[in-house]
Amino acid sequence: MNIIAFDTSTENLGIALKTNNTLYTIALNESLKHSEKLLPLTETLFNAAAIKTENIDLVICSKGPGSFTGLRIGMATAKGIAFALSVPFVSVPTLDFLASDLSFFDGAVIPVIDAKRKRYYTAIYEKGSRKTDYLDAEYNEIIELSNKYKKILLTGPYSSKLYNDILANKDIADENIFLDPRSNDSKVSMCLEIGVDLYNKGLTDKDDSEPIYIRKSDAEEKSVK
Amino acid sequence: MGSGKTAFTKGIAEGLGIFNTITSPTFTLICEYEGKIPLFHMDLYRLNDVSEFEMAGGRDLIYSNGISVIEWAEKLTDYFPDNTIKINIEIEENGSRKITIYELSS
């Protein structure tokens, strides 16, 4: 079985290809060039594995939250390939796979994605299971949520900045907060793994599947005059 | 309208080494140009709500490594980053323009 997975939800672009024997991955952190890079680099992986697009049996992509543009590129590409080949596709919530390799941690695992405007997409995980909704939270809300836990571990491409801010503000004691040493690395291989799990459980996406944007409703935004 | 917002943007574009024809993005919402630094020229005049801007990828662009020039920015209050420079163009009675460039607030 040949499986391709894309993560386009943050500034890190990750692509993973799993064939029967081998896992191939490419990751780059060139900010938001996903539309230019995704397909050529996918082809590079196909060439490395000596397979053709029509040999793909399952397509997986990140579901968000994250960059709106990035999410649409990933999902449109995944859907396009899946429809053309008549194979299933599965989308995996981004925060889930960012946290998924840290379920050993004895405390709260908090993946964060920069939502800009001093906000973060986040959720809280304990022992591999999600304890909150997918949130669009401010710094103070994250501190408040963290205070329910003795120890917290931050991960995600933006977490080192948040970690440093928290240490600088002394909002959480140094000995209780940890930073995933691989927080900046692509976790597209985890996206692929969880996508395969979902597929094995029969949880493939429908044609009209959409990314998780966490759009604030217009009423909440002080917006258009 | 007709105050010279697009003409002003052309000047910024030239400064970035962009000599493409800069047209008003009133109908396209966002135009992208490749220069020394990317230029994103936006016009929010026709914008109905903030989600329309977000779905067009506006947030990704204004926080990226480019310069965003945003016409009718007052349509979205409290949306833009702290390092936003506000520019006001007024038409004087004699037809000349009074351009005010505000300091960063913080």
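Trainee: Among contacts in chain B between residues at least 6 apart in sequence, what share joins residues at least 24 apart?

Mentor: This is a predicted model, in which local features need pLDDT of at least 70 and side-chain atom pairs count only at pLDDT 80 or more, while totals for chains, interfaces and linings use all residues. Residues are numbered from 1 along each chain as its sequence is written, chains are lettered from A and ligands numbered from 1 in the order in which they are written, and side-chain values use heavy atoms, leaving out hydrogens and water. Taking contact to mean heavy atoms within 4.5 Å, the share in chain B is 41%.

Trainee: Which pattern does chain B follow when read along the sequence?

Mentor: Chain B has three helices and five strands, where helices (H or I, at least four residues) and strands (E, at least two) are DSSP runs numbered from the N terminus. Read along the sequence, these elements of chain B give the pattern α-β-β-α-α-β-β-β.

Trainee: What radius of gyration does chain B have, set against that of a compact globule?

Mentor: The C-alpha trace of chain B spans about 40 × 30 × 30 Å along its principal axes. The radius of gyration is taken over C-alpha atoms, and the globule rule is 2.2 Å times the number of residues to the power 0.38. For 106 residues a compact globule would come near 13 Å, and chain B agrees with this, at 14 Å.

Trainee: What percentage of the 225 residues in chain A do buried residues make up?

Mentor: Chain A holds six helices and twelve strands, and its radius of gyration of 18 Å agrees with the value near 17 Å for a compact globule of 225 residues. Buried means under 20% relative accessible area, exposed over 50% and partly exposed in between (1.4 Å probe, protein chains only). Buried residues account for 38% of the 106 residues in chain B, and in chain A they make up 51%.

Trainee: Is Leu71(A) buried or exposed?

Mentor: Leu71(A) lies in helix α2 (residues 68–85) of chain A. Leaving aside neighbours within four places in sequence, its contacts include Thr8(A), Ser9(A), Pro211(A), Ile212(A) and Tyr213(A). Because its relative accessible area is 0%, Leu71(A) is classed as buried.

Trainee: How does Asn176(A) count at 24% relative accessibility?

Mentor: Asn176(A) sits in the loop between α5 (159–169) and β12 (177–179) of chain A. Beyond its neighbours within four places in sequence, Asn176(A) is in contact with Lys150(A), Lys151(A) and Ile152(A). With a relative accessibility of 24%, Asn176(A) counts as partly exposed.

Trainee: Which element gives the most to the lining of the largest pocket?

Mentor: A pocket, found on a 1 Å grid over the protein atoms alone, is an open set of points where a 1.4 Å probe fits, with protein on both sides within 12 Å along at least five of seven lines, and lining residues have an atom within 4 Å of a point. The largest pocket is lined by 36 residues, and those nearest its centre are Ala73(B), Thr84(B), Ile85(B), Lys86(B) and Ile87(B). The elements giving two or more residues to this lining are α1 (5–15), β3 (67–71) and β4 (87–91) of chain B. With five residues, the element that gives the most is β3(B).
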